[in-house]
Amino acid sequence: MKKELDLRFSKLLARANLWCPVRKEMLLNIFGYVSAILMINMKIINYQDVEAKRVEEGAKNMTIRWLITKEMGAENFAMRYIEVNPGGSSPLHSHCWEHEIFTLEGEGVMANGQEEKRITKGDFIFVPPNEAHQCRNTGQTTIRLLCMIPYTQTQ
Ligand SMILES: [Zn+2]
C-alpha cells in the first residue's frame with residue numbers, strides 16, 4: 001500500500017513541479033500527513049492483556065504488570081501497573097533511580113523507614129534516587145498505581 005502510494009505520489013509530484021512550486025509544496029505537506037497516518041507505529045494495548053506477576057522478594061500481596069518496556073521499543077522509560085491488595089505492601093527498598101508514581105485508586109501510606117505519608121486516589125509521588133520507599137495498603141480496597149522508571153539508570 002505504502003509503496004504504491006509512493007509511486008503514485010512521485011508521478012503526481014513530477015507533474016506538479018511543471019505547474020508551480022507552490023503546488024509542489026502543498027502536495028508534499030499532504031503526502032507527509034497521509035504517509036504518517038499509514039505508518040502508525042504506536043501500540044495500544046489494554047493493561048488486562050498484560051500478565052500480572054506476583055512480586056515475591058519482601059513484598060506482600062502485590063502484583064506488577066510491565067506495560068511499556070524496552071522489548072516494545074521504549075528506550076528511555078518503563079511504565080508499570082502495580083496493584084497492592086488490602087494488607088499488602090511493597091518491600092522497603094532503595095536504588096539509584098527515581099520512581100514517578102500516580103495513584104489511580106486506593107488508600108495507603110508511602111514510608112521511607114522513618115516516617116510515612118498517606119496516599120489516596122489522585123496523588124502522584126516522586127521518589128528521589130536513593131531514598132528508601134515502601135507502599136503499604138492500609139485501606140479496604142486495592143491500591144492501583146502507575147509507576148515509571150528510567151531505563152538509563154537501571155542498566
Ligand atoms: Zn523502588
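Me: Along β8, which side chains point to one face and are buried, and which point to the other and are not?

Reply: A residue is called buried if 20 or more other C-beta atoms lie within 10 Å of its own, exposed if 12 or fewer do, and partly exposed in between, with the C-beta atoms placed from the backbone. The side chains of β8 alternate, so that Cys-135 and Asn-137 point to one face and are buried, whereas Gln-134 and Arg-136 point to the other face and are not. Please keep in mind that this is a predicted model, in which local features need pLDDT of at least 70 and side-chain atom pairs count only at pLDDT 80 or more, while totals for chains, interfaces and linings use all residues. Residues are numbered from 1 along each chain as its sequence is written.

Me: How many helices and strands does the chain have, and what pattern do they follow along the sequence?

Reply: Helices (H or I, at least four residues) and strands (E, at least two) are DSSP runs, numbered from the N terminus. The chain has 2 helices and 9 strands, and along the sequence they follow the pattern α-α-β-β-β-β-β-β-β-β-β.

Me: Which strands does β3 join through bridges?

Reply: Two strands pair if DSSP finds at least two bridges between them. Strand β3 (residues 77-89) runs antiparallel to β2 (residues 60-68), to which 7 bridges join it, and 8 bridges join β3 to strand β9 (residues 143-150), again in an antiparallel arrangement. Glu-83 in β3 shows both pairings, since this residue stands opposite Thr-63 and also stands opposite Arg-144 in β9.

Me: Which strand is joined to β8, and which residue stands opposite Asn-137?

Reply: Strand β5 (residues 107-111) is joined to β8 by 4 bridges, and the two run antiparallel; within this pairing, Gly-108 stands opposite Asn-137.

Me: Why does Asn-137 count as buried, and with which residues is Asn-137 in contact?

Reply: Asn-137 counts as buried because 24 other C-beta atoms lie within 10 Å. Two residues are in contact if their C-beta atoms, placed from the backbone, lie within 7 Å. Leaving aside neighbours within four places in sequence, Asn-137 is in contact with Val-84, Asn-85, Pro-86, Gly-87, Gly-88, Ser-89, Gly-106, Gly-108 and Ile-143. Asn-137 and Val-109 are 28 residues apart in sequence, and 6.6 Å separates them in space, C-alpha to C-alpha.

Me: Which residues make up the largest nonpolar core, and what does Cys-135 touch?

Reply: A nonpolar core is a set of buried Ala, Val, Leu, Ile, Met, Phe, Trp, Tyr and Cys residues joined through C-beta atoms within 7 Å. The largest one here has 11 residues in all, namely Met-62, Ile-64, Ile-82, Val-84, Ile-101, Met-110, Ile-119, Val-127, Cys-135, Ile-143 and Leu-145. At least two residues of this core come from each of β2, β3 and β9. Cys-135 touches Val-84, Ser-89, Ser-90, Gly-108, Met-110 and Ile-143, not counting residues up to four places away in sequence.

Me: What share of the chain counts as buried, and what share of contacts join residues at least 24 apart?

Reply: Of the 155 residues of the chain, 13% count as buried. Among contacts between residues at least 6 apart in sequence, 61% join residues at least 24 apart.

Me: Why does Glu-116 count as partly exposed, and what does Glu-116 touch?

Reply: Glu-116, which lies in strand β6, counts as partly exposed because there are 15 C-beta neighbours inside 10 Å. Not counting residues up to four places away in sequence, Glu-116 touches Val-109, Met-110 and Ala-111.

Me: Which residues have a positive phi although they are not glycines, and where do they lie?

Reply: Asn-61 has a positive phi of about 60 degrees without being a glycine, and Asn-61 lies in strand β2, where this residue is partly exposed because 16 other C-beta atoms lie within 10 Å. Asn-130, likewise not a glycine, has a positive phi of about 70 degrees. Asn-130 lies in the loop between β7 and β8 (134-137), and is exposed because 10 other C-beta atoms lie within 10 Å.

Me: Is Gly-122 buried or exposed, and where does this residue lie?

Reply: Gly-122 lies in the loop between β6 (116-120) and β7 (124-127), and is exposed because 9 other C-beta atoms lie within 10 Å. Gly-122 and Phe-102 are 20 residues apart in sequence and 6.9 Å apart in space, C-alpha to C-alpha.
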